[in-house]
Amino acid sequence: MHLELGPRVIIQFSNGVYITESVCWAVIVAVAMIVVAHIATRNMQRNPKGLQAVAELIVETTYKFVKNTMGSHNVGFAPFIGTLFLFLLFCNALGLLGQRAASADMNFAFALSIMVFFVIQGSSIRSQGIKGYLKHFAEPVPFMVPIKIIEECVFPVSLGFRLFGNILAGFIIIHIFMYMMGGLSANIGLPIPLLQAVTPLPAMAFFDVFEPVLQAFVFSMLTMVFVAKGIIVHGHGNSNGNAKEAS
């Protein structure tokens, strides 16, 4: 059995730059989401139906979820969180099309986690200003500065590894299981690899359906929690208001 752990290179340029299948699928998913969103909203009706009804349900659910998780003062993050979740969901679930999940590529996973890291830091700076943002690193005592810096830098690493590791593990398990069932079918003399076609279905249901949803949800949830935490922790002026709202 030959199993490539890294994504295939689709285009190789003479200067050493290359484009992998993960990049191609990520672009395809992004373009598809834009097209579907345009089609769903190009002819808005007062009484929604069809694709517009589905789109409005997704938007309404996202806004409610973000409001309940991050607070009404952070509901402006709903479009970002909703887009992030759907993008990750579709990139994770490419196994349903017989393709390698884009998030099984470490570069893809860490690109998203680094983007989230800058969103968190940018939101913190915007809520408190540069002075307040830098000041929180020395709280409650100045010797906490290196620990706080390490804490901030470790988050995108753990977030990226969590996504990459879980999706890659599912990819490997499915391929190993398919190989085993194909060999077992041949050993018991079946004319066709019947076991290879039937027995992996429960595993595929988990790793290609449930796991993509779970990992997209976990990634989005952690993003919401740390963005909200950054604004609350760094934005001392809003702490009382946030506490009252939570109560």
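A salt bridge is taken here as a side-chain nitrogen of Lys or Arg within 4 Å of a carboxyl oxygen of Asp or Glu. The model is predicted, so that local features need pLDDT of at least 70 and side-chain atom pairs count only at pLDDT 80 or more, while totals for chains, interfaces and linings use all residues. Residues are numbered from 1 along each chain as its sequence is written, and side-chain values use heavy atoms, with hydrogens and water left out.

**Exercise 1.** Determine which parts of the chain the salt bridge between Glu-151 and Lys-229 links.

*Solution.* Begin with the contact itself, in which the closest N and O atoms of Glu-151 and Lys-229 are 3.7 Å apart. Next, place the partners: Glu-151 lies in helix H5 and Lys-229 in helix H7, 78 residues apart, and the pair therefore links distant parts of the chain (helices being DSSP runs of H or I with at least four residues, and strands runs of E with at least two, numbered from the N terminus). Finally, consider accessibility, where buried means under 20% relative accessible area, exposed over 50% and partly exposed in between, with a 1.4 Å probe and protein chains only. Glu-151, at 42%, is partly exposed, and Lys-229, at 40%, is partly exposed.

**Exercise 2.** Establish whether Arg-8 and Glu-21 are buried or partly exposed, and what their salt bridge ties together.

*Solution.* The closest N and O atoms of Arg-8 and Glu-21 are 3.2 Å apart. Arg-8 lies in the segment before strand E1 (9–12) and Glu-21 in helix H1, so the pair ties together parts that are 13 residues apart in sequence. Arg-8 has 41% relative accessibility and counts as partly exposed, whereas Glu-21, at 6%, counts as buried.
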